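Visitor: I would like to learn how to read a protein model, one feature at a time. Could you guide me through this one?

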Amino acid sequence: MAAPTDCSLIATDLDGTLLRGDDTLSDRSLAALALVARAGVRHLVVTGRPAPRVRPLLDDLGSTGLAVCAQGAQVYDAGTDRLLWSVTLDRELAETALGKIEAEVGELYAAVDQNGADGLTLIESGYLMPHPTLPAVRVERRDDLWARPISKVLLRHPELTDDALAAAARAAVGSLATVTMSGPGTVELQPCGVTKATGLALAAEHLGLDPGRTVAFGDMPNDIPMFDWAAHGVAMANAHPELKAVADEVTTSNEDDGVAVVLERLFGGAEPRVPPHVLPRPRSGRVSR
């Protein structure tokens, strides 16, 4: 399906999508986002990162609006530096789910993102952060991970691939939690039923926007619900095959400014406007609304 010509919302993942491998935004991407703003269209970051790990990037963007964080478990207001909405993962359920997965695949290394606008990322011994630039606090015992309310658990296995670990986790966990894969070395447990789509829908409703006028960008399976919700999904050239299979188009890689390539096509030379409303057309192989 072609991107809606009356787009009113751009939703972008961060890692592997809008950000380059060194966790920076290119000048071209910043210029493309400026085109979006001049066209009167909203841009929402929709990321697996928790709010405290997103705040510095929003500052760089000069954003005082909303961001969807923690795989949809948080809607963060950068202007007031507070969470408008958040849901936590029950810590007893998380510990039980972790034990069930380890019973199937052997020892795991775990980390958690604490809930709250100032929550910490805690990692146990052996866990390696997939993004070394992001701060984390190492704890001595796994029990220390559950000291405060959490938004999600991050898992790593010393031998299994991410796909194999995610599949084993889904089979073991059942309805205790939602299992998602959000990047290399990043398999996560989050509250059951919570996805990027649920968080994006809440943020869009708050802003008076709707899926039929939304273009979404991503690179990993955790972006599939967001693509199902939006009118048009754009996968990066570096995206996981599962996401490419449901995307409406594939752009260039994050290193080659794939988001900017599409935004320049959609908004280059655009004048501010209030576009009319249109409904999305059904797409083969996609979830209907």
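**Reading the model step by step**

Guide: Let us begin with a single residue: glycine 65 lies in the loop between helix 3 (51-61) and strand 3 (66-69). Please keep in mind that this is a predicted model.

Visitor: Is glycine 65 buried or exposed?

Guide: A residue counts as buried when its relative accessible area is under 20%. Glycine 65 has a relative accessible area of 17%, and therefore it is buried. Leaving aside residues up to four places away in sequence, glycine 65 touches Tyr76, Asp77, Ala78 and Gly79.

Visitor: How much confidence does the predictor place in the chain?

Guide: The pLDDT of the protein chain averages 90, and 92% of the residues score at least 70. Over residues 269-289, however, the pLDDT is below 50, although this stretch has 48 contacts in the model beyond near neighbours in sequence.

Visitor: After the loop comes strand 3; which way do its residues point?

Guide: Leu66 and Val68 point one way from strand 3, while Ala67 and Cys69 point the other way, and all of these are buried. Strand 3 pairs with strand 2 (residues 42-46) in the parallel sense over two bridges. Across this pairing, valine 45 stands opposite alanine 67, and valine 46 has valine 68 as its bridge partner.

Visitor: In what order do the strands of that open sheet of eight lie?

Guide: The order is 5-4-3-2-1-12-13-14, and the pairing is mixed. Strand 5 (82-86) and strand 14 (249-250) stand at the edges, and because each has a single partner strand, one side of each is left without a neighbour in the sheet. Helix 3 packs on this sheet, where it touches strand 2, strand 3, strand 4 (74-77) and strand 5, and its direction makes about 40° with that of strand 4. Helix 6 (residues 196-207) lies across strand 1 (9-12), strand 2, strand 3, strand 4 and strand 5, running at about 165° to strand 3.

Visitor: What is the strand order in the open sheet of six strands?

Guide: Here the order is 8-7-6-9-11-10, with mixed pairing. Strand 8 (137-139) and strand 10 (178-183) are at the edges with a single partner strand each, so one side of each has no neighbour in the sheet. On average, neighbouring strands of this sheet are turned by 30° against each other, direction ignored. Within the sheet, strand 6 (residues 109-114) and strand 7 (residues 121-124) pair in the antiparallel sense over three bridges, and aspartate 113 stands opposite threonine 121 in strand 7.

Visitor: Which strands does helix 4 lie across?

Guide: Helix 4 (residues 91-105) lies across strand 6, strand 9 (150-156) and strand 11 (186-190), and it runs at about 15° to strand 9. At 1.5 Å a residue, its 15 residues should span 21 Å, which agrees with the 21 Å between its end C-alpha atoms.

Visitor: Which residues of helix 4 are buried, and why do they line one face of the helix?

Guide: The general idea is that an α-helix has 3.6 residues a turn, so residues three or four places apart point the same way. In helix 4 the buried residues are Ala94, Ala97, Leu98, Ile101 and Val105. Seen down the axis of helix 4, these residues fall within an arc of 100°, so they line one face. Their cover includes strand 6, strand 9, helix 5 (162-173) and strand 11, whereas the face of helix 4 turned away from its buried side carries the exposed residues Glu92 and Ala103.

Key. Residues numbered from 1 in each chain as written. Predicted model: local features only at pLDDT ≥ 70, side-chain atom pairs only at ≥ 80, totals over all residues. Heavy atoms only, no water. Helix = DSSP H or I, 4+ residues; strand = E, 2+ residues; numbered from the N terminus. Buried < 20%, exposed > 50% of the residue type's maximum accessible area, 1.4 Å probe, protein only. Contact = heavy atoms within 4.5 Å. Pairing = 2+ DSSP bridges. Axes fitted to C-alpha atoms, helices over the stretch in contact; angles between N-to-C directions. pLDDT = per-residue confidence, 0-100. Expected span 1.5 Å × (residues − 1). Arc of directions from axis to C-beta.
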